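Student: Could you choose one part of this model and take me through it closely, and then relate it to what surrounds it? I would rather follow one connected account than a list.

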Amino acid sequence: FASGMSNGAMFVHRLGCELADRVAAIAAVSGTDMTASCSPARAVPVMHTHGTADAHVPWNGGGGCGPSAASFTSVPTTIARWRSRDACTDTSSTPGYAAGEGHCESWGGCGAGSEVVLCTIDGGGHSWPGGDPPADVTPCPGDGVQSSTFHASEVAWSFFRTHPMPTP
């Protein structure tokens with residue numbers, strides 16, 4: 001399994017693309033899919049958690065306020081890419097786990113029993129929901145709050161438990 005936040009989340013998306021034969025599932029928080037190309041060896045279960053008010057890696061993509069000056073992929077595009085890669089046949093999402101500011105939705109009917117899950121933190125900023133406040137993050141005007149009612153670690157672990165590495 002692989003999980004990470006911000007640049008770590010972007011790396012996790014890359015791991016899903018390049019090491020699908022070695023990583024059972026991925027859970028990314030506050031970092032979108034920035035891969036230039038991606039052809040995973042198998043359908044990869046993906047959970048993505050993101051705040052709607054993230055000023056570093058904006059929900060709708062484009063430039064964030066941080067020092068990278070990158071133009072980020074949007075959350076909807078990130079989810080659409082994984083739904084396509086995983087050959088998900090569900091065209092609409094199914095509501096799932098919800099707690100406080102956070103709620104999840106999933107797309108099933110994906111290849112090899114895979115699943116794509118998006119957990120949205122309403123008003124959430126660039127942080128790990130339910131975790132410690134981020135250290136050494138450049139302050140951004142308008143960055144949302146850190147959720148204390150949605151625990152991304154617990155939700156990710158639950159997701160990982162339901163998506164072990166397939167046996168050959």
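**The second largest pocket and its surroundings**

Tutor: In this predicted model, the second largest pocket encloses a volume of about 150 Å³. Its lining is made up of 14 residues, and those closest to its centre are Tyr97, Cys104, Glu115, Val117 and Phe159. Three elements, namely strand E6 (94-99), strand E7 (102-107) and helix H3 (152-161), each contribute at least two of the lining residues, and E6 gives the most, with four. Sorted by class, this lining has seven nonpolar, five polar and two charged residues.

For comparison, the largest pocket holds about 280 Å³ of space. It is lined by 16 residues, of which Ser6, Asn7, His56, Pro67 and His126 are the closest to its centre, and by class that lining has eight nonpolar and eight polar residues but no charged ones.

From the pockets one can turn to the packed interior. The largest nonpolar core has 19 residues, and the members that touch the most others are Ala2, Ile26, Val44, Ile79, Trp82, Val116 and Leu118. Helix H1 (7-18), helix H2 (75-85) and strand E8 (116-121) are the elements that give two or more residues to this core. Apart from it lies another core, with 13 residues that include Ala25, Ala99, Val117 and Ile121. Val117 therefore appears twice in this account, since it belongs to that core of 13 residues and is also one of the residues closest to the centre of the second largest pocket.

Trp82, one of the best-connected members of the largest core, gives a way from the nonpolar interior to the charged groups. Setting aside neighbours within four places in sequence, Trp82 is in contact with His13, Gly16, Cys17, Ile26, Asp33, Cys38, Pro40, Val44, Val46 and Val116. Among these contacts Asp33 deserves a closer look, because at 0% relative accessibility it counts as buried.

Side chains of opposite charge can pair when their charged atoms come close. Asp33 forms a salt bridge with Arg81, in which the closest N and O atoms are 3.4 Å apart. Asp33 lies in the loop between strand E2 (26-29) and strand E3 (46-51), whereas Arg81 lies in helix H2, so this pair ties together parts that are 48 residues apart in sequence. Asp33 also meets Arg85 in a salt bridge, at 2.7 Å from N to O. This second pair likewise links distant parts of the chain, with Asp33 in the loop between E2 and E3 and Arg85 in helix H2, 52 residues apart. Both arginines count as partly exposed, Arg81 with a relative accessible area of 28% and Arg85 at 22%. Asp33, Arg81 and Arg85 are thus linked in a network of salt bridges.

The structure holds three salt bridges, and one of them joins Arg14 to Glu18, with the closest N and O atoms 2.8 Å apart. Because Arg14 and Glu18 are four residues apart in helix H1, about one helical turn separates them. Arg14 is partly exposed, with a relative accessible area of 44%, whereas Asp33 is buried.

Definitions and conventions:
Residues numbered from 1 in each chain as written. Predicted model: local features only at pLDDT ≥ 70, side-chain atom pairs only at ≥ 80, totals over all residues. Heavy atoms only, no water. Core = buried A, V, L, I, M, F, W, Y, C linked by side-chain atoms within 4.5 Å. Buried < 20%, exposed > 50% of the residue type's maximum accessible area, 1.4 Å probe, protein only. Contact = heavy atoms within 4.5 Å. Salt bridge = Lys/Arg side-chain N within 4 Å of Asp/Glu carboxyl O. 1 Å grid on protein atoms, 1.4 Å probe; cavity = no way out; pocket = protein on both sides within 12 Å on 5 of 7 lines; lining within 4 Å. Points joined across faces, edges and corners; volume = space filled by probe spheres on them. Nonpolar A, V, L, I, M, F, W, Y, C, P; charged D, E, K, R; others polar.
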